[in-house]
Amino acid sequence: MTAYAKVIGTGGYLPAEIKSNDDISKIVDTTDSWIFERTGIRNRRIAAADETTSSMAEIAARQAIEMADIAPNEIDLIIVATGTPENVYPGAACMLQYRLGIKNGVAFDIQAACSGSIFGLDIANQYIKSGAAKTVLVVGTEINSRITDWTDRGTCILFGDGAGAILLLTSEEPGVLSTHIHSDGRFEDLLSCPNPQAQGNPDTTGYISMKGNEVFKVAVNTLGRIVDETLAANNMQKTDVDWLVPHQANIRIITGTAKKLKMSMNQVVVTLEEQGNTSSASVLLAFNEAVRDGRIQRGHIVLLEAFGAGFTWGSALIKY
Ligand code: UT7
């Protein structure tokens, strides 16, 4: 019997505070029209002082658990993808496990920047297919606003805070059809966020730095290739895909991928206008939104993809 990872619940959380392009244009030399035309972003959410990556993860996770109608204790693996954990350790996944009152199973973090939720889905899928886990919670959660240099107009316009969750259960029916993850560690100088204390350099700041234009070009090419790889692995045609749920980095990257798939933008889930780039949370936030508003229906074929620092990139093809 083949075991598949079936989606049984999704959740999402966005902090209340909204920072608009106009708000940012009061801090750095930019305009609403420049930001919107070049990125597709109008607003992003900012976590409150008392919020943490694990507190936001808990809200998204509880929504997914409620949708799935299971007891938290049935979850035997928790994977949290984040680049902004509140502690170096204990990991955000252990903090979340405690918040959910789960004492069994195992919880661990992964760090794959903006591709984190896809990497999490890949690991969850392997655990379920091998029989090593039965019920797996994957959460992407980020407080990017705290690692953003608010004097750098090349990056502070892009990022936002939020958490997305997905709950997977072993099933005889699909399910996750395939996952594909990759990395190439040559590109630290194009996109990075240092950890000054761990580097023995506590005087430098731990902010995101990015050569946006160069990252953009690699992202467009790489995402084109991952689409081909995913379809070929499943013996599928472009027309077999009902929904594209892309990482929300830049509307021009998203439209490029949709064009490659010959998909209308009506089949693409776009959240970045109101949320910006929430890194590892973005794909799961978008997936949750489209499930909850009824766009993604049972039986639909959904292609999720992401690209991020590392570089890391990947995709997941899901029969919802
Ligand atoms: O999620 C992980 C992956 N990340 C990404 O995929 C991000 C990919 N990169 C991008 O989304 C885009 O490169 C940006 C939105 C970051 C920048 O857009 P761009 O079209 O690539 O602009 P650019 O960096 O080539 O800069 C063009 C011009 C420059 O001015 P000059 O040298 O032509 O006079 C910049 O200084 O735009 C200027 N500029 C701005 N102007 C107004 C850069 N940022 C801003 C700004 N407001 N915020």
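Ser279 is found in the loop between H8 and helix H9 (282-292). Helices here are DSSP runs of H or I with at least four residues, strands are runs of E with at least two, and both are numbered from the N terminus. Phi of Ser279 is positive, near 50 degrees, although the residue is not a glycine. At 6% relative accessibility, Ser279 counts as buried. Buried means under 20% relative accessible area, exposed means over 50%, and partly exposed lies in between (1.4 Å probe, protein chains only).

The model is predicted, so local features need pLDDT of at least 70 and side-chain atom pairs count only at pLDDT 80 or more, while totals for chains, interfaces and linings use all residues. Residues are numbered from 1 along each chain as its sequence is written, and side-chain values use heavy atoms, with hydrogens and water left out.

A positive phi also occurs at Asp69, a residue other than glycine, with a value of about 55 degrees. Asp69 lies in the loop between helix H3 (53-68) and E4. Its relative accessibility is 70%, so Asp69 counts as exposed.

Two cis peptide bonds were also found in loops. One runs from Tyr89 to Pro90, with omega near 0 degrees. Pro90 sits in the loop between strand E4 (77-81) and helix H4 (92-99). Another runs from Pro174 to Gly175, with omega near -15 degrees. Gly175 belongs to the loop between strand E7 (161-171) and strand E8 (176-183).

The ligand was examined next. It is surrounded by 22 residues. A residue is counted as near when one of its heavy atoms lies within 4 Å. The closest are Thr30, Arg38, Asn213, Asn250 and Asn277. By class, the shell holds ten nonpolar, eight polar and four charged residues. In this scheme Ala, Val, Leu, Ile, Met, Phe, Trp, Tyr, Cys and Pro are nonpolar, Asp, Glu, Lys and Arg are charged, and the others, Gly among them, are polar.

Domain 1 (4-173) and domain 2 (177-319) both give residues to this shell, so the ligand lies between them. The domain bounds come from an automatic or database domain assignment.

Polar contacts to the ligand were then listed. A polar contact is a pair of N or O atoms within 3.5 Å; within protein, one atom must be able to donate a hydrogen and the other to accept it, and residues adjacent in sequence count only if both atoms are side-chain atoms. A polar backbone atom of Gly212 is 3.0 Å from a nitrogen atom of the ligand. In the side chain of Asn213, an N or O atom is 2.5 Å from a ligand oxygen atom. A polar side-chain atom of Arg252 lies 3.2 Å from an oxygen atom of the ligand. Taken alone, the ligand exposes 940 Å², and the protein buries 72% of that. Accessible areas come from the Shrake-Rupley method with a 1.4 Å probe; for residues, only the protein chains shown count as cover. Helix H2 (32-39), helix H6 (212-233) and helix H7 (251-260) are the elements that give two or more residues to the shell. H6 gives the most, with four residues.

Side chains of opposite charge can pair when their charged atoms come close. A search of the whole structure finds nine salt bridges. A salt bridge is a side-chain nitrogen of Lys or Arg within 4 Å of a carboxyl oxygen of Asp or Glu.

One of them joins Arg42 and Glu273, at 3.8 Å from N to O. This pair links distant parts of the chain, 231 residues apart: Arg42 is in the loop between H2 and strand E3 (43-46), and Glu273 is in helix H8 (residues 272-275). Arg42 is partly exposed at 29% relative accessibility. Glu273 is partly exposed at 35%.

Arg186 forms a salt bridge with Asp184, with the closest N and O atoms 2.6 Å apart. Arg186 is exposed, at 63% relative accessible area, whereas Asp184 counts as buried at 19%.

Lys260 and Asp228 also meet in a salt bridge, at 2.9 Å from N to O. Lys260 in helix H7 and Asp228 in helix H6 are 32 residues apart, and the pair links distant parts of the chain. Lys260 is partly exposed at 31%, and Asp228 is partly exposed at 34%. Salt bridges that share partners join Asp32, Arg42 and Glu273 into one network.
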